[in-house]
Amino acid sequence: MDEEELQEIEELCSAATPGPWFVRILDDDSAMNLVAVSTTPGDDRPRRWPEFDHGEIVAATLVQHPRYVDSGDERWDENAAFIAMAREAVPRLTAEIRRLRAALSDGAG
């Protein structure tokens with residue numbers, strides 16, 4: 001991975017909604033089961049609209065009815081957990097790559 005790729009990743013991270021992000025299990029008459037990634041944590045019980053603010057939702061991995069969002073392998077919860085984790089992990093990983101490169105560069109000189 002070159003510096004240009006790292007810069008692109010950092011720009012995408014900076015442009016995205018600030019974290020941390022959390023997995024939310026939501027349910028309402030329109031969406032039925034809804035697995036989402038949110039800017040606010042849930043309390044482990046399904047919430048129905050209007051008990052949650054749609055403006056807090058940054059992604060969904062399942063909107064069951066009607067079938068707007070789905071994955072063929074049924075890993076809705078796992079995909080949501082990955083997306084939420086990536087919001088914090090990707091910036092840390094790019095910083096660690098830069099730190100390690102600097103350490104290698106300092107040690108080579």
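How much accessible surface does the protein have, and what percentage of this surface belongs to carbon and sulfur atoms? In this predicted model, the accessible surface comes to about 7400 Å², and 55% of that area belongs to carbon and sulfur atoms. The protein has 109 residues, of which 24% count as buried.

The overall plan can be followed from the N terminus. The protein contains two helices and three strands, and these elements run in the order α-β-β-β-α. Contacts within the protein also link distant parts of the sequence: when residues at least 6 apart in sequence are considered, 47% of the contacts join residues at least 24 apart.

The chain begins with M1, which is placed in the segment before helix 1. M1 has a relative accessible area of 55% and is exposed. Its contacts, leaving aside neighbours within four places in sequence, are with L6, I9, I97 and R101. One of these partners, I97, is 96 residues away along the chain, yet the C-alpha atoms of M1 and I97 are separated by 9.4 Å.

Helix 1 comprises residues 3-15. From its first C-alpha to its last, this helix of 13 residues reaches 18 Å, which is close to the 18 Å expected at 1.5 Å a residue. At the start of helix 1, a side-chain oxygen of D2 comes to within 3.2 Å of the backbone nitrogen of E4.

Beyond helix 1, a loop leads to strand 1 (22-28), and P20 has its place in this loop. The peptide bond that joins G19 and P20 is cis, with omega at about 0°.

The account now turns to strands 2 and 3. Strand 2 consists of residues 32-38, and because five of its seven residues are buried, the strand is largely enclosed by the rest of the structure. Strand 3 covers residues 57-63 and pairs with strand 2 in the antiparallel sense, over five bridges. Within this pairing, A36 stands opposite A60 of strand 3.

Which residues make up the largest nonpolar core? This core has seven residues, namely W21, V35, V37, L62, W76, A80 and A84. Strand 2 and helix 2 (76-108) are the elements that give two or more residues to the core. Helix 2 provides the largest share, with three residues. Another core, of five residues, lies apart from this one, and among its members are L26, L34, A36 and V63.

V37, a member of the largest core, offers a view of its surroundings. Not counting residues up to four places away in sequence, V37 touches W21, F22, E56, I57, V58, A59, A80, I83 and A84.

A second viewpoint is T61, which lies in strand 3. Is T61 buried or exposed? Its relative accessibility is 7%, and because buried means under 20%, T61 counts as buried. The side chain of T61 reaches the backbone oxygen of W76 at a distance of 2.8 Å. With residues up to four places away in sequence set aside, T61 touches V35, V69, D70, S71, W76, N79, A80 and I83.

One of these partners, D70, belongs to the loop between strand 3 and helix 2. D70 is partly exposed, with a relative accessible area of 37%. Leaving aside neighbours within four places in sequence, D70 is in contact with T61, L62 and W76. With W76 there is also a polar contact between the two side chains, at 2.6 Å. W76 is thus reached by the side chain of T61 through its backbone oxygen and by D70 through its side chain. D70 and V35 are 35 residues apart in sequence, and their C-alpha atoms are 9.6 Å apart in space.

The loop between strand 3 and helix 2 also holds E74. Although E74 is not a glycine, this residue has a positive phi of about 60°. E74 is exposed, with a relative accessible area of 54%.

Definitions and conventions
Residues numbered from 1 in each chain as written. Predicted model: local features only at pLDDT ≥ 70, side-chain atom pairs only at ≥ 80, totals over all residues. Heavy atoms only, no water. Buried < 20%, exposed > 50% of the residue type's maximum accessible area, 1.4 Å probe, protein only. Helix = DSSP H or I, 4+ residues; strand = E, 2+ residues; numbered from the N terminus. Pairing = 2+ DSSP bridges. Polar contact = N/O pair within 3.5 Å; in protein donor to acceptor, adjacent residues only side chain to side chain. Contact = heavy atoms within 4.5 Å. Core = buried A, V, L, I, M, F, W, Y, C linked by side-chain atoms within 4.5 Å. Expected span 1.5 Å × (residues − 1). Areas by Shrake-Rupley, 256 points an atom, 1.4 Å probe, with all protein chains shown as cover.
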